[in-house]
Amino acid sequence: LITLVSGDLLAGEASAGTYRMLVTRPISRTQIVTSKFLAGIIYTTLLIIWLALTSLILGSIILGTGELLVANSQGIIVFSKDDILWRFLCAYAFAALSMSVVASLAFLFSALVENAIGPIITTMAVIIVFLILSAIPVEFIKSIKPFLFTNYLLDWMLMFKDPIDTLEILKSVAILFVHIVIFYFLALFIFN
C-alpha cells in the first residue's frame, strides 16, 4: 500500500498531465515536492497507526492482556504486563520510520517517470535485491551491507530484547533517517 500511494504522488501528476497547472501556481516547485512528500509520510504513518491499533485491540480481545512471551536469540523472555505497551508503541514508531524509507524511495522513483507502475515495481525490486544481497556471505557485500536500508527495516524487534540496546536502535534510526533525507533531496533535485 505504501509503494502504491508514494509511487503515484509525482508520477500520477505526470500521467494525468496536471504538472503544467501545478507549476504555474504561485508556489515553488520545492513547495510542491515537499507537500507531496509530506503527504506520503503522513499516509505511511497513519497506515502504521491503523495497523498498531488494529493489532493491539484485536490482540487484546483474542488473546487477552497479561504477560508477553517473546522467543528470540536470547531464549524466551517474559515481559510483565506493565512493560509491554511502551515496547509495542516504540516498535510501531520504528516501523513507521522504516516504512517511511520505503515511501521515500518510491517517491524518488516517482520523480523519475511519468507512469506510476514503474516506481511501485522498482521500489519492490530494490527491496528484494537488497534483501538478497544482505544474505550473500561475500566479503564485498558484507562491506556495503551497513549502508543498505533493508538491513535496518526489521530493527523494531530490538524493542523486545532485555535489556534494550539503545545505542543500536539510535544507530538504526539515524541511518534510516539519513536515507529518507537523501531520497527526498534527490527527488527534489530531479523535480526541479
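**Exercise 1. Which pattern does the protein follow when read along the sequence?**

Keep in mind that we're working with a predicted model. Start with the ingredients: there are eight helices and two strands. Now walk along the sequence and write down each element as it comes up, and you get α-α-α-α-β-β-α-α-α-α.

**Exercise 2. Work out whether Leu-46 is buried or exposed, and say what surroundings it has.**

First, find the residue: Leu-46 sits in helix H4, which covers residues 29-63. Next, check its relative accessibility, which is 54%. The cut-off for exposed is over 50%, so Leu-46 counts as exposed. Finally, look at its company on the surface: Leu-46 belongs to a nonpolar patch, along with residues including Leu-38, Ile-42, Ile-49 and Leu-53. Together, the members of this patch have about 1,100 Å² of accessible area.

**Exercise 3. Describe the protein as a whole: its span, its surface and its contacts.**

Begin with the span: along the principal axes, the C-alpha trace covers about 60 × 45 × 25 Å. Then turn to the surface. The protein exposes about 11,100 Å², and 73% of that comes from carbon and sulfur atoms. As for the inside, 38% of the 192 residues count as buried. Last, take the contacts with a separation of 6 or more: residues 24 or more positions apart make up 69% of them.

**Exercise 4. How many positive and negative side chains are there, and how far apart are the centres of the two sets?**

Count each kind: 10 side chains are positive and 11 are negative. Then take the centre of each set, and you'll find the two lie 9 Å apart.

Terms used: Residues numbered from 1 in each chain as written. Predicted model: local features only at pLDDT ≥ 70, side-chain atom pairs only at ≥ 80, totals over all residues. Heavy atoms only, no water. Patch = residues over 30% accessible without salt bridge, like charges linked within 9 Å, V, L, I, M, F, W, Y side chains within 5 Å. Areas by Shrake-Rupley, 256 points an atom, 1.4 Å probe, with all protein chains shown as cover. Salt bridge = Lys/Arg side-chain N within 4 Å of Asp/Glu carboxyl O. Helix = DSSP H or I, 4+ residues; strand = E, 2+ residues; numbered from the N terminus. Buried < 20%, exposed > 50% of the residue type's maximum accessible area, 1.4 Å probe, protein only. Contact = heavy atoms within 4.5 Å. Lys, Arg positive; Asp, Glu negative; His and termini not counted. Charge placed at Lys NZ, Arg CZ, Asp CG, Glu CD.
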